[in-house]
Amino acid sequence: MKITDVKATIIHASRSYVASAGLETPVPKKAPTESRVLTSDYASRRHICIYPQGVQTTLVQISTDEGITGIGESHAPIAPQVSKAIIDGILADVIVGQDPLEIDVLWEKMYSTMRLRGHSTGFMTEAISGVDIALWDTFGKATNLPVYKLLGGAFRDKIKAYASGLPGATSEQRIENAKKFIHERGFTAIKMSIGRGSLEEEIYNIAAVSDAVSDEAYLLVDAHGAYDAYTAINLGRELEKLHVYWLEDALPPEDDMGYKMLSDTLDLAIAAGETECNRYQFRDRLNSRAIDIILPDICRAGGISECRKIAMFADSYNIPWAAHVSMGSPVHIAASLHLAAATPNFLICECPSGENPIGNNLLKEPIVCEDGYFEIPQGPGLGVEFDEEELDKVIVDDS
Ligand SMILES: [Mg+2]
C-alpha cells in the first residue's frame with residue numbers, strides 16, 4: 001500500500017472558548033483575613049496563553065492507493081494554519097509514495113526534516129501528530145482492527161475521565177456546575193482553573209468548591225504556569241488542606257528546578273507536561289523526578305507513536321500519565337482513548353466539559369462519555385467516522 005495524498009483541513013466554529021473552559025477572571029470576593037498568602041496580581045506578571053475566538057483545529061486525511069483513508073488531528077489553537085502549512089509544505093513530500101504501515105520509519109523521517117534547524121517541538125510536533133494519528137487510523141482500517149489492539153491490547157475496558165473547566169463567574173455558579181458534573185454526568189474528578197485573580201481570592205474560590213464537593217469528587221487545580229516556586233509552595237500547602245488532588249502547571253514550563261522544589265516539598269501530586277512535545281523533553285522532566293503525573297497531549301506531542309514512547313518512558317519511573325485533551329475534534333479524544341486503553345500506567349483522561357460545536361455533532365456515531373467514563377471506540381482504526389455534511393459546515397480552509 002502507498003500513500004497517494006495528505007490533506008490538511010482547518011475547521012472552526014463559534015463559541016466562547018474562555019467562558020466554557022472556566023477561564024474567565026473570577027469576580028473579586030473578600031478573602032478570609034486569616035489567609036497567610038500574599039495578594040498579588042499574578043496574571044499581569046506571568047500572563048497565561050491566549051485563547052481562540054471559537055473552537056478550531058486542523059484535521060489531517062491520508063489517502064492510499066488501496067482506497068483506504070485515515071484521519072488525524074493537529075491541535076494548534078490560535079494558529080491552525082501553521083500546522084496546515086507544515087503538513088502541506090514539508091511533511092507531505094516526505095510521506096507521499098511511502099507505505100503507511102511503516103509508521104515509526106515515517107515518524108522519524110518527518111521529525112528529521114527540521115530537527116537540526118531547531119524545529120523539534122511546538123507547531124512542528126503538532127503537525128507530525130496529525131499525520132501520525134492518521135497513519136494509525138489507516139493501519140487499523142487496513143487490518144480491520146481498533147488501534148488499541150494494534151498497540152498491544154486493552155488494559156481496561158473503559159477510560160476514566162475528569163470534567164475539565166468548571167464554568168461560572170462566581171463560587172455559587174461553580175458549585176452549581178460542579179454538582180451537575182457529579183450528579184448528572186457521573187464525574188468523580190473535576191478541574192478548576194486559577195492564575196488570574198489574587199492568590200487569596202483563588203484559594204477562597206477553591207475552598208468554596210472543595211467544601212461543596214470534595215466528599216464526592218477529586219478536585220484538580222490548573223494554574224497555567226502563573227507562579228514562582230515560593231508562591232506555588234505556599235499555594236500548594238493551602239491546597240493540601242482543601243484536599244486538592246493535583247496541582248497542574250504551577251510554574252512556567254522552563255522552571256525545572258522550581259518543579260523539583262515543588263515535588264520535594266509538597267504532598268499533593270505535581271502534574272505538568274501539556275507543554276512538552278517530544279520524548280526528549282519528557283526524559284529530562286522524568287530524570288529529575290520533578291513531576292508526579294505527566295500530561296502529554298496526543299495532538300501536540302507527536303501523536304500516538306511518540307506519546308506511547310513517552311508513556312512507556314514514564315512507566316519505567318513508575319510514574320502515571322494522564323491525557324491532556326483541550327477543546328478540539330473527536331479525533332483528539334479517540335486517539336487519546338486508544339493509547340489510554342493500551343498503556344499500563346494510564347491514570348485519567350481530560351474531558352472538556354462544555355458543549356463542543358466541532359465535537360460529537362460532526363460524527364455519525366458519537367464518542368460516549370457516561371458515568372464519568374469514556375467508552376473505547378471499537379470500530380477499525382480510531383473507530384470514528386465523520387458525517388461529511390456536518391463536517392462541511394465547519395470547514396474554513398481545505399485548499
Ligand atoms: Mg492545563
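Here is a short conversation about how parts of this predicted model pack together.

Student: Which helix gives the largest share of the largest nonpolar core?

Tutor: Let's begin with the core itself, which has 114 residues. Val131, Ile190, Val221, Leu247 and Cys349 have the most contacts inside this core. Its largest share is nine residues, and they come from helix 5 (residues 122–143).

Student: Which residues is Val131 in contact with, leaving aside its neighbours within four places in sequence?

Tutor: Good residue to pick, since Val131 is among those with the most contacts inside the core. With the sequence neighbours set aside, the partners of Val131 are Val6, Val60, Gly72, Ile87, Leu91, Ile95 and Met110.

Student: Are helix 3 and helix 5 roughly parallel or oblique to each other?

Tutor: Two packed helices are described by the angle between their axes and the distance between the axes. For helix 3 (residues 80–95) and helix 5, the angle is about 60° and the axes are 9 Å apart. Angles under 35 degrees count as roughly parallel, and 65 to 115 as roughly perpendicular. Helix 3 and helix 5 fit neither group, so their arrangement is oblique.

Student: How many nonpolar residues does the contact of helix 3 with helix 5 have?

Tutor: Helix 3 brings Val82, Ser83, Ile86, Ile87, Leu91 and Ile95, while helix 5 brings Phe123, Met124, Glu126, Ala127, Ile128, Gly130 and Val131. Sorted by class, two of these residues are polar and one is charged. The nonpolar residues number ten.

Student: Are helix 9 and helix 10 roughly parallel or oblique to each other?

Tutor: Try the angle again: helix 9 (residues 229–241) and helix 10 (residues 256–265) pack at about 25°, with axes 9 Å apart. Angles under 35 degrees form one class. Helix 9 and helix 10 are therefore roughly parallel.

Student: Which residues of helix 10 make the contact with helix 9?

Tutor: Helix 9 passes helix 10 in a right-handed crossing. On the helix 9 side, the contact is made by Ala229, Ala232, Ile233 and Gly236. On the helix 10 side, look for Gly258, Met261, Leu262 and Thr265.

Student: Is Ile310 buried or exposed?

Tutor: You will find Ile310 in helix 12 (residues 303–315). A residue needs 20 or more other C-beta atoms within 10 Å to be buried. Ile310 has 29 such neighbours, so Ile310 counts as buried.

Student: What separates the C-alpha atoms of Ile310 and Phe282?

Tutor: Not counting residues up to four places away in sequence, Ile310 touches Arg279, Phe282, Pro296 and Ala301. Phe282 and Ile310 are 28 residues apart along the chain. In space, their C-alpha atoms are separated by 6.8 Å.

Conventions: Residues numbered from 1 in each chain as written. Predicted model: local features only at pLDDT ≥ 70, side-chain atom pairs only at ≥ 80, totals over all residues. Core = buried A, V, L, I, M, F, W, Y, C linked by C-beta atoms within 7 Å. Buried ≥ 20, exposed ≤ 12 C-beta atoms within 10 Å, placed from the backbone. Helix = DSSP H or I, 4+ residues; strand = E, 2+ residues; numbered from the N terminus. Contact = placed C-beta atoms within 7 Å. Axes fitted to C-alpha atoms, helices over the stretch in contact; angles between N-to-C directions. Parallel < 35°, antiparallel > 145°, perpendicular 65-115°, else oblique. Nonpolar A, V, L, I, M, F, W, Y, C, P; charged D, E, K, R; others polar. Left-handed = near helix turned anticlockwise from the far one by under 90°.
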